[in-house]
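Trainee: I am new to this structure and should be grateful for a close look at a single part of it. Could you choose one strand region, describe it with care, and then place it in the wider chain?

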Amino acid sequence: MFVKKTISKTLKVLLHSSQNPIFSHINHKAKNPPCTYTQTKNYVDVYMKWKKDHYLDSIDHIHMSIQLKPIISLKNVIAQNPNGCVPISDVSKKGLHFDVKVKVARFLRQYPSIFEEFTGPQYNLPWFRLTQETVEIDREERKLYENCKEDLRERLKKFILMSKQKVLPLKVIQGMLWYLGLPEDFLECLDMNLDGSLRVVEMEEGLKGLAVESNERFLSVLQRNAMKKGVYSNEPMEAIEFPLFPSKGVRLRRKIEVWLKEFQQVPYVSPYEEYSHLDPNSDIAEKRVAGFLHELLCLFVEHSAERRRLLCLKKYFGLPQKVHKAFERHPYMFYLSLRNKTCTAILKEAYCDKMAIERHPVLRIRNKYINLMKESEVILKRRRVNNPYVERPKLDLDLDCADEEERVELGRL
């Protein structure tokens, strides 16, 4: 009797398993593509405790980027003025445009090594101009953009070619210019900046977009590095192992270790290749998403980005709704930094293997601006120590033109 019950249970398990796509692939090989087994592997709930990385949390050009972006925007406004200086009234009401959280005048005064304040010729208004060091870096920056125009345009093409339709709205591109290292007025001078393979098109909902018309086939950074090592021959459905960089003191559970080894053997689909035939719930689709994020961060100046800024890309790049989970499921590839009260995704390979990814040409210029930011901190600290009770000079302000912050101070007199 006991034997009969056991046989009955075994038959039920087998019958239930026969409905699984893996078994159907065995019985119906002719109807299914060769990658069916890969696309129907079981989902493993990967969860690893977040581990702080002091090195990645201390990289200045990543974590000072939030303050640097409005500094460069304000610098450009002053540099483009024919007189090389502007009154505070020209920028005081544009804090939202520059993404400045405090009064613009106060923000400019936080960086005396970049912006120099003086009393203007009219109404005794505070005016601002660039320091000599900033003028020299700005000149070097403009020369760099001119010399690296082809390289920067190539990066933009790659960014667009990763999208579903090989076209992106101008507003999406505008939001990514900072990360791609392009000048912020790039889209304002399209006639000068575009070549024959890039053109402006009309998109749905009345949006204007930028499309790429080129038959050139790009290889991802992963593909190029694997070919250099001789472990990849660029064949269809060929596997590429992701470079992994474990955090110190983190050990994986046995189940996750097994899953990770199997995941590395899953075929690699380049972000520049067609992916519509992939099952979105399969390991191969997940590897395509991880490969897309890897290539995207390779194109960015700091090889990092605020995670929330990447969410607007889901619609145009065929990313899953919970694409942010990819950073948590692959902590050996990506690191999530929680500095500056935001979540920043960092590509580990760019900082753990500096020979693997090409250094972005704009990064050197940004580091020079960051050095001036640090110098400003020293200047302000010295002022506080040497003159703890000194008051700022009182200006005869025109209430109709002066910055609101100056009006408050004037009213207290």
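**Strand β6 and its surroundings**

Mentor: Strand β5, residues 198-202, pairs with β6 in the antiparallel sense over 5 bridges. Strands are DSSP runs of E with at least two residues, helices are runs of H or I with at least four, and both are numbered from the N terminus; two strands pair if DSSP finds at least two bridges between them. The model is predicted, with local features needing pLDDT of at least 70 and side-chain atom pairs pLDDT 80 or more, while totals for chains, interfaces and linings use all residues. Residues are numbered from 1 along each chain as its sequence is written, and side-chain values use heavy atoms, with hydrogens and water left out.

Within this pairing, E202 stands opposite K208 of β6. The hairpin formed by β5 and β6 has 5 residues between the strands, and E205 adopts a positive phi near 60 degrees there.

Strand β6 also pairs with β4, residues 167-169, again in the antiparallel sense, over 3 bridges. L168 has L210 of β6 as its bridge partner. Strand β6 itself spans residues 208-212 and is mostly covered, with 4 of its 5 residues buried. Here buried means under 20% relative accessible area, exposed means over 50%, and partly exposed lies in between, using a 1.4 Å probe and protein chains only.

The wider chain gives the setting. It has 18 helices and 9 strands, and buried residues account for 48% of its 413 residues. Of the contacts (heavy atoms within 4.5 Å) between residues at least 6 apart in sequence, 69% join residues at least 24 apart.

An open sheet elsewhere in the chain may be read in a similar way. It consists of 3 strands in the order β1-β3-β2, with antiparallel pairing. Its edge strands, β1 (85-87) and β2 (115-119), each pair on one side only. Neighbouring strands of this sheet are turned by 30 degrees against each other on average, direction ignored. Strand β2 pairs with β3, residues 126-130, over 5 bridges in the antiparallel sense, and F118 has W127 of β3 as its bridge partner.

Helix α5 lies across β1, β2 and β3, and runs at about 95 degrees to β3. Such angles, from 0 to 180 degrees, are taken between N-to-C directions of axes fitted to C-alpha atoms, for helices over the stretch in contact.
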